[in-house]
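Dear colleague,

I am passing on a structure together with some notes on what came out of going through it. Please read the notes with the coordinates open beside you.

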Amino acid sequence: MTLPLQLSHFSAAFFFALFASVVFGITHCDTTRDMVRYGIKCFVTFMGGVIIAGWVMWLLRR
Amino acid sequence: MATPIAGKTNSATPPLTLMTVMAPALGWLIPGAGHMLQKRWIRGGLLLASILGMAVLGLLLQGRIYQPFGSDLLEILGFVGDVGTGGLYLLAQAVGWGQAAPFTATADYGKIFIIAAGLLNFIAVADAYHIAIGKKS
């Protein structure tokens, strides 16, 4: 594994949210419909948290 | 000394079958394999893609692989997270991945990605066990 890969903070957070949401969705619910809904909810929460935290840090920096 | 109540059985303990042992063990070694073994092909495939994808992305970001018998608590906790990736951890140890000194600023993301992948695999292993004992469909 010598290939160096560079990700921005946002793209790293995106991939983290995507992969974690898939696992959370599958493991926390019983039916397929609930899995999809919970996975989407987790993804939106992760990404929403990233965007809100970003704006909070921007405000604190001013 | 406690005596069993007549007519009551200990229903809290799940029966020990080959599947209750094999599904978590295989699921740890290969993420998602515990689900595939129980014919949950799509779930298993998605778990494999997600957990392996996260761990491989961590390695590509030059994330560090923690060694067993670490010197401080953070090293030990990092090892516990890393070892959750199962076969990939063993492969990385054998080949020497994640040992080189990082020269990118994002290598810290990689370390976290590998630990998170391991912890997610522990959740997937527990889920495979719950399916095996019939607690989940």
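**Notes on the model**

B:Pro102 is placed in the loop that joins α5 and α6 of chain B, where helices (H or I, at least four residues) and strands (E, at least two) are DSSP runs numbered from the N terminus. This is a predicted model, in which local features need pLDDT of at least 70 and side-chain atom pairs count only at pLDDT 80 or more, while totals for chains, interfaces and linings use all residues. Residues are numbered from 1 along each chain as its sequence is written, and chains are lettered from A and ligands numbered from 1 in the order in which they are written.

To stay with the loop for a moment, B:Pro102 has 16 C-beta neighbours inside 10 Å and therefore counts as partly exposed; a residue is buried if 20 or more other C-beta atoms, placed from the backbone, lie within 10 Å of its own, exposed if 12 or fewer, and partly exposed in between. Apart from neighbours within four places in sequence, B:Pro102 is in contact with B:Gln62, B:Arg64 and B:Ala107, contact being defined as C-beta atoms, placed from the backbone, within 7 Å. The C-alpha atom of B:Pro102 is separated by 27 Å from that of B:Leu29, which is 73 residues away along the chain.

Turning to the chains, chain B contains six helices and zero strands. The radius of gyration of chain B, taken over C-alpha atoms, is 18 Å, well over the 14 Å that the globule rule (2.2 Å times the number of residues to the power 0.38) gives for 137 residues, so chain B is more spread out than a compact globule. The C-alpha trace of chain B spans about 65 × 40 × 20 Å along its principal axes, and 42% of the 137 residues of chain B count as buried. Among the contacts in chain B with a separation of 6 or more, 70% are between residues 24 or more positions apart.

Chain A, for its part, has two helices and zero strands, and its radius of gyration is 15 Å, where a compact globule of 62 residues would have one near 11 Å. Its C-alpha trace spans about 45 × 35 × 10 Å along the principal axes, and of the 62 residues of chain A 19% count as buried.

Where the two chains meet, 24 residues of chain B and 16 residues of chain A take part in the contact. On the side of chain B that touches chain A, the elements that give two or more residues are α3 (41-60) and α6 (107-132) of chain B, and the largest share, 10 residues, comes from α3(B).

The largest nonpolar core (buried Ala, Val, Leu, Ile, Met, Phe, Trp, Tyr and Cys residues joined through C-beta atoms within 7 Å) has 40 residues, of which A:Val23, B:Met54 and B:Phe113 touch the most other members. At least two residues of this core are supplied by each of α1 (9-28) of chain A and α1 (18-29), α2 (33-37), α3, α5 (87-95) and α6 of chain B, with the largest share, 13 residues, coming from α6(B). Leaving aside neighbours within four places in sequence, B:Met54 is in contact with A:Phe19, B:Phe113, B:Ala116, B:Ala117 and B:Leu120.

With kind regards
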